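Here is a short note for a colleague who is meeting this structure for the first time. Please keep the sequence and the model side by side while reading.

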Amino acid sequence: MLNNTSFSNRLKKVMDFYQISASSFAETIEVPRSSISHILSGRNKPSLDFVLKTIDTYQEVDLYWLLKGIGNFPKSSPLSQVTKQISVKKTSEQTTKDQHEIKEDLFEKTKKPKNSNKTPIEKVLIFYTDGTFKEYNNQDNQ
């Protein structure tokens, strides 16, 4: 049986980790703000949809840790330090084609010029004012 108080405490840890408000959290996982409020107050238990959206959107959140407190948060991974305090938000503003064009344009401009001692750019990170980011890796260097 899921303990509402323990679950809401773990959910608060997730929001603190990503430094986001309950409202931003609800918007990011695409649920009504009232759902977050009711879960945090202990009034309602989270739905399966809520839990799945949370672990799909926030890769550092382990399913068993969120539900039962078993395991670690954040998950142990090489990206833990990079993604800390960054809200990862799925965006639908750009199509895959647009993203591919941007990526190719970025790396065309980063090719090593002749007679240069600089190495090509390995990775480009673009940070948006809403706390989200996009990462582009140069496939030529890998």
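The points below take up the nonpolar core, then helix 1, then the strand pair.

1. The model is a predicted one, and a good place to begin is its largest nonpolar core, which has 22 residues, among which Phe 25, Phe 50 and Val 61 touch the most other members. Two or more residues of this core come from each of helix 1 (4-17), helix 2 (22-29), helix 3 (33-41), helix 4 (48-57) and helix 5 (63-68), and helix 1 gives the most, with 5 residues. In soluble globular proteins, nonpolar side chains tend to be buried together.

2. Which residues does Phe 25 touch, once those up to four places away in sequence are not counted? Its contacts are Leu 11, Val 14, Met 15, Ile 20, Ile 36, Phe 50, Thr 54 and Tyr 58.

3. For helix 1, the 14 residues should span 20 Å at 1.5 Å a residue, and the end C-alpha atoms are indeed 20 Å apart, so the expected and modelled values agree. The buried residues in this helix are Asn 4, Phe 7, Ser 8, Arg 10, Leu 11, Val 14, Met 15 and Phe 17. Just after helix 1, Gln 19 takes a positive phi of about 50°.

4. Further along the chain, strand 1 (residues 123-127) and strand 2 (residues 133-137) pair in the antiparallel sense over 5 bridges, with Val 124 standing opposite Tyr 136 of strand 2. The hairpin that these strands form has 5 residues between the strands, and Gly 131 in this hairpin takes a positive phi near 95°.

Technical notes:
Residues numbered from 1 in each chain as written. Predicted model: local features only at pLDDT ≥ 70, side-chain atom pairs only at ≥ 80, totals over all residues. Heavy atoms only, no water. Core = buried A, V, L, I, M, F, W, Y, C linked by side-chain atoms within 4.5 Å. Buried < 20%, exposed > 50% of the residue type's maximum accessible area, 1.4 Å probe, protein only. Helix = DSSP H or I, 4+ residues; strand = E, 2+ residues; numbered from the N terminus. Contact = heavy atoms within 4.5 Å. Pairing = 2+ DSSP bridges. Expected span 1.5 Å × (residues − 1).
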